[in-house]
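The exercises below are meant to be worked with the sequence and the structure side by side. Try each task before reading the solution that follows.

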Amino acid sequence: MSPAETAADLLAPAAILRKEELLRDYRLGWESRHASLAGRKEVFMGKAKFGIFGDGKEVPQLAMARAFRPGDWRSGYYRDQTFMLAIEELTLQQYFAQLYAHPDVEAEPSTAGRAMNGHFGTRLLDEDGQFKNLAQRKNSSADISPTGAQMPRLVGLAYASKLYRQNPELHQFNQFSVQGNEVAFGTIGNASTSEGMFFEAINAAGVLQIPMLVSVWDDHYGISVPAEYQTTKQSISEILKGFQREGEGQPGFEIFVVKGWDYAALVDTYQRAAELCRTQHVPVLIHVTEVTQPQGHSTSGSHERYKSKDRLSWEEEHDCLRKMRLWLLEEGHASEEELSTIENAARETVKQARVAAWEDFFSPIKQERAEVVEMLTKLVAQTGTENTLQGLVEPLQQNPAPIRADLVRAVRRALRQVRGLRSGARRSLQNWLEQALAENADRYNSYLYSQSEAAALNIEEVPVEFAENAPQVDGREVLQACFEANFRRDPRIFAIGEDVGRIGDVNQAFAGLQEKFGELRVTDTGIRECTIIGQGIGAALRGLRPITEIQYLDYLLYAIQILSDDVACLQYRTKGGQKAPLIVRTRGHRLEGIWHSGSPIQMVLGAIRGMHLLVPRNMTQAAGFYNTLLRSDEPAIVIECLNGYRLKERIPQNVGEFTLPLGVPETLLAGDDVTIVTYGSMCRIVLDAAKQLAEVGIQVEVIDVQSLLPFDVQHLITDSIQRTGRVLFADEDVPGGATAYMMQQVLDEQQAYRFLDSQPRCLSAQAHRPPYGSDGDYFSKPNAEDVFDAVYELMQEADPQRFPAIY
């Protein structure tokens, strides 16, 4: 008995569809197909840059949509246009608006023109950045292009249903869930199942037993590479048979296999599978085979280059819409005339939507062009430089499809030619340019971070308070008290990670919290960093407040792609339509060896713009950051000092309430000679060096930046440099890493170069990772003697008689 037959025995048969429902699906299928065909033509006509379409997958997506209910979630694949049309979260005009990259969120609500076509998402937030009632809506998380990268987030979307069902404290949050009855639907192409993220997500879902329904659209190819090079046995369902559960109540998956052109079987399979997933919280995989791709992979090329004539002929014969047409006729559901009428009407509907979308997109640009041409013409008349400026006007007038860059480029070049001229036309052109740049900044550069009242920079600072007799405890105990207070305050907060639960993490900051709050709140995971992060992203999208732990900063490499391509750019790529306030807790800097003592800050800084990056020097500072972040609606990474958990600190009496502002450095030591800018574990080393420097008459000012993203929003470092005239940037990253970043922020962004009396200096670690052992640490990362020498050299240059050479 096959896995599909075994699962079918557990469920009641699917409902019989009425004729009007069947014909509605047929109409939607053809509207989607004609949209794909028209979209390809629009790209080749130059009206869009690139196209990737969902043709060939219409019928299985129609069947999937029939099983999708309000409150459910999609984490999908960039060919799911038919599904989005069927659940009425995408219109054909919006489909073409995305193809044209329309930057208006009303016209293109998924991405406001920021992602290429085929990347869909519903707007989860209102105009104030607050969550809508997601339990009553059909929800789609925002798509991303990296293949397989939708899978980690899918685990989290399904995991949230488990938490909402099993944790009674969460039942009150009925705007997010109806006691966990929601299914997370995922879609992926067969070739992308070769990705490690897919297998990691499948394993995680099987362990967690969550309502995750994954559809694999199997068209046999990954661009030009056929299945024999992609998948063992050329079948993902075959190689996943070991995940098949042995019976009801047993762990594992249910696996269904169904042909992508068999409408009746598809509807039946999805109804059965979704009901099983929803009621029993069993993960399900549906392997949809014999799917075709009529136009090939994308507009980048033709599939005739790599598919045989026999394969192309087979695909034509097994086209899902052709097969559905034959089935409707054979079963007597419709006549030839009815179906032909539907097909012709679908073509006309798509044409009207395409024309309307282009007009809506292009009309404002034409109006802006008319304004620019009029102003340039006046400028020509006023300046008498017809031959020069007219050369800008005529191409702009004659361009059949200008873009906004053409207008701004022409205006900037015109103003360049009349620099220094006093005229009303020139002033009008300047005013237009200023307004255009501001408008385009909103269109293309806004919402990297939250703009709501709950943005991290808007969280009110609450000063830390210490009782007079506050005891000195291990730093880890400060974090433990902080986490406990927040867990009591907000039942939506939970923590997951390797060794987080039973032993309270490897450094004991969660020690005892699982016993107090239960396994649903403080949970161990397998060794799977990528899906730990994905589990947090999906849960955060659904209104929960996850703290996801990556045991060591070096291991962030396993998850950096997901952090970069998914959560970091989520607000940006939806223009404020979605948010996932995920907290990633990790530890790094000094300790033992190559893989447990990393400070790859340069890598992180470059990859996660859109998240905050916080680098507290001790656990009290870390606690203040956690308190701030857990009250904000933005994602962040907090890097704790690996060698600080056993150092003594006082527990604040408001340990769960005090907040630390982001982007505000702290001056740890005042001085007049040299400013030293650093963070994390280097703070203690720099303070040690500062003490030694004071012994030879050099007074340094030590500044802990605390927060790298954002960085010194009040320009306090520049104020220090204005007093000292000299600066040293010091950290444990590679040469040219975070020290170079800090230097750019201070000298370029803050323009502190104006106050320098000496060359700015950077002190970093060696280019390699540190060897194991104390000597390896000393000779590989900056030490107090290195800091002393770097500062002393600066002072020797300024006053060689007072500070003669040491060596």
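The model shown here is a predicted one.

**Exercise 1. A loop after strand 20**

Task: Locate Pro710 and describe the peptide bond that joins Leu709 and Pro710, then examine the backbone of Asp712.

Solution: Begin with the position, since Pro710 is found in the loop between strand 20 and helix 24 (716–724). Next, look at the bond that joins Leu709 and Pro710, which is a cis peptide bond with omega of about 0°. Asp712 has its place in the loop between strand 20 and helix 24, and its phi is near 40°, a positive value in a residue other than glycine. Finally, consider accessibility: buried means under 20% relative accessible area, and because Asp712 has 2%, Asp712 counts as buried.

**Exercise 2. A loop before strand 20**

Task: Find where Gln706 lies, and decide whether Gln706 is buried or exposed.

Solution: Gln706 is found in the loop between strand 19 (700–704) and strand 20. Its phi is positive, about 65°, although Gln706 is not a glycine. The relative accessibility of Gln706 is 2%, so Gln706 counts as buried.

**Exercise 3. The open sheet**

Task: Which strands stand at the edges of the sheet, each with a single partner strand?

Solution: First write down the order of the seven strands in this open sheet, which is 11-10-12-13-15-14-20, with mixed pairing. Strand 11 (522–524) and strand 20 (707–709) stand at the edges with a single partner strand each, so one side of each is left without a neighbour in the sheet. From one strand to the next, the twist averages 20°.

Then take one pair inside this order: strand 10 (residues 493–497) and strand 12 (residues 545–549) pair in the parallel sense over five bridges, and Gly497 has Glu549 in strand 12 as its bridge partner. Lastly, add the helix, for helix 16 (residues 475–489) lies across strand 10, strand 11, strand 12, strand 13 (583–588) and strand 15 (636–641), and runs at about 130° to strand 10.

**Exercise 4. Strand 21 and its partners**

Task: Which residues of strand 21 point one way, and which the other way?

Solution: In a regular strand the side chains alternate between the two faces of the sheet. In strand 21 (residues 727–730), Val727 and Phe729 point one way while Leu728 and Ala730 point the other way, and all are buried. Turning to the partners, strand 18 (residues 674–678) is joined to strand 21 by three bridges and the two run parallel, with Val677 opposite Phe729. Strand 22 (residues 761–763) is likewise joined to strand 21 by three bridges in a parallel run, and here Leu728 stands opposite Arg761.

**Exercise 5. Two packed helices**

Task: Describe how helix 2 and helix 5 pack.

Solution: Two packed helices are described by the angle between their axes and the distance between the axes. For helix 2 (residues 19–44) and helix 5 (residues 92–99), the angle is about 25° and the axes are 11 Å apart. Angles under 35 degrees count as roughly parallel, and helix 2 and helix 5 are therefore roughly parallel to each other. Their crossing is right-handed. Helix 2 contributes Glu31, Ala35, Ser36, Ala38, Gly39, Glu42 and Val43 to the contact, and helix 5 contributes Leu92, Tyr95, Phe96 and Leu99. Sorted by class, this contact has seven nonpolar, two polar and two charged residues.

Notes. Residues are numbered from 1 along each chain as its sequence is written. This is a predicted model: local features need pLDDT of at least 70, side-chain atom pairs count only at pLDDT 80 or more; totals for chains, interfaces and linings use all residues. Side-chain values use heavy atoms; hydrogens and water are left out. Two strands pair if DSSP finds at least two bridges between them. Helices (H or I, at least four residues) and strands (E, at least two) are DSSP runs, numbered from the N terminus. Axes are lines fitted to C-alpha atoms, for helices over the stretch in contact, and angles run from 0 to 180 degrees between N-to-C directions. Contact means heavy atoms within 4.5 Å. Angles under 35 degrees count as roughly parallel, over 145 as roughly antiparallel, 65 to 115 as roughly perpendicular and the rest as oblique. A crossing is left-handed if the near helix is turned anticlockwise from the far one by less than a right angle, and right-handed if clockwise. Ala, Val, Leu, Ile, Met, Phe, Trp, Tyr, Cys and Pro count as nonpolar, Asp, Glu, Lys and Arg as charged, and the others, Gly among them, as polar. Buried means under 20% relative accessible area, exposed over 50%, partly exposed in between (1.4 Å probe, protein chains only).
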